[in-house]
Amino acid sequence: MAARIHISRSELPVVLAAVVIIIGVICWNHTQQKRTDAMTNTRITLASLQVAYQQYTAFGGPMPKVLKGHSSIYSFLAAYQRFYARRNADGHWENSPHLLIYLRPRLTSMGWLSMPGGGKMRAIVDVRDGFGHRIHFLNDPAKNLHAPCFAVHLPEESGQRKWIYSSDEIR
């Protein structure tokens, strides 16, 4: 026979409080896990972009210039992908394998790049951190001691917004 649970009226507030506390702990744990995952994705993305930049400059890629009407990250993404692009046998532009194609797809936005000599190529045109904020490319060491690198504002914590820099992530 099944045992029955009997709760008297005097025990009801204690049981309800216990249920509310358990639900609260589960929700808090879920939120903390989501934040941890977002921070991990942010750090991996920043480090990957910094390695891509170092690879790009080591093979002779020129310093990307910030293009008017576009975000600062766009200038690096366009320069990097143009540097590794090749024409296929049909004369269409395509990406050669490079580090950026391994970024998490949900953190990147695809678009079309105008290519030198005409034509367009499908490419990554924007990268976001694990929290969904746009990543910035800092290319002027006179304006920022960390430059050249990538940076993002972390979500507000304790009333303060903090920058995280890719140059600090890969030491």
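Welcome to this structure. A good place to start is the salt bridge in which the side chains of Asp-126 and Arg-134 meet, with 3.2 Å from N to O. Please keep in mind that this is a predicted model. From that contact, the tour below moves on to aromatic rings, an enclosed helix, a nonpolar patch on the surface and a few single residues.

**Charged contacts**

- A search of the whole structure turns up two salt bridges.
- Besides the contact with Arg-134, Asp-126 forms a salt bridge with Arg-128, where the closest N and O atoms are 3.5 Å apart.
- Because these salt bridges share partners, Asp-126, Arg-128 and Arg-134 are joined into one network.
- Asp-126 counts as buried, since its relative accessibility is 6% and the cut-off is under 20%.
- Its two arginine partners are both partly exposed: Arg-128 has 30% relative accessibility, and Arg-134 has 34%.
- Elsewhere, the charged end of Arg-122 sits over the ring of Trp-112, 5.9 Å from the ring's centre.

**Aromatic rings**

- Across the whole structure, the search finds 12 aromatic pairs.
- One of them brings together Tyr-53 and Phe-76, whose ring centres are 6.1 Å apart and whose planes meet at 55°, so this pair is tilted.
- Tyr-53 belongs to helix H1 and Phe-76 to helix H2 (residues 72–84), so the pair ties together parts that lie 23 residues apart in sequence.
- Tyr-53 also forms a tilted aromatic pair with Phe-137, at 5.8 Å centre to centre and with 50° between the planes.
- That second pair links distant parts of the chain, as Tyr-53 in helix H1 and Phe-137 in strand E5 (residues 136–138) are 84 residues apart.
- Tyr-53 and Phe-76 are both buried; for Tyr-53 the relative accessibility is 7%.
- Phe-137 is buried too, with a relative accessibility of 2%.
- These three rings are part of one aromatic cluster, formed by Tyr-53, Tyr-56, Phe-76, Tyr-80, Phe-83, Tyr-84, Phe-137 and Phe-150.

**The enclosed helix H2**

- In H2, 11 of the 13 residues are buried, so the helix is largely enclosed by the rest of the structure.
- Among the buried residues of H2 are Ser-72, Ile-73, Leu-77, Ala-78 and Gln-81.
- The buried set also includes Phe-76, Tyr-80 and Tyr-84, which are members of the aromatic cluster as well.

**A nonpolar patch on the surface**

- Ile-5, Ile-7, Leu-12, Val-15, Leu-16, Val-19 and Ile-23 make a nonpolar surface patch of about 640 Å².
- To find Ile-5, look in the segment before helix H1 (12–58).
- Ile-5 counts as exposed because its relative accessibility of 76% is over the 50% cut-off.

**Cysteines**

- How many disulfides does a search of the whole structure find? The search finds zero.
- As a reminder, a disulfide is a covalent bond between the sulfur atoms of two cysteines.
- Cys-27 is partly exposed, with a relative accessible area of 44%, whereas Cys-149 is buried at 0% relative accessibility.

**A loop residue to look up**

- Asp-140 is found in the loop between E5 and strand E6 (149–153).
- With a relative accessible area of 30%, Asp-140 is partly exposed.
- The C-alpha atoms of Asp-140 and Met-63 are separated by 10.0 Å, while the two residues are 77 residues apart along the chain.

Conventions
Residues numbered from 1 in each chain as written. Predicted model: local features only at pLDDT ≥ 70, side-chain atom pairs only at ≥ 80, totals over all residues. Heavy atoms only, no water. Patch = residues over 30% accessible without salt bridge, like charges linked within 9 Å, V, L, I, M, F, W, Y side chains within 5 Å. Areas by Shrake-Rupley, 256 points an atom, 1.4 Å probe, with all protein chains shown as cover. Salt bridge = Lys/Arg side-chain N within 4 Å of Asp/Glu carboxyl O. Helix = DSSP H or I, 4+ residues; strand = E, 2+ residues; numbered from the N terminus. Buried < 20%, exposed > 50% of the residue type's maximum accessible area, 1.4 Å probe, protein only. Phe/Tyr/Trp six-rings, centres within 6.5 Å; stacked < 30°, edge-to-face > 60°. Lys NZ or Arg CZ within 6 Å of the ring centre and 35° of its normal. Disulfide = S-S within 2.5 Å.
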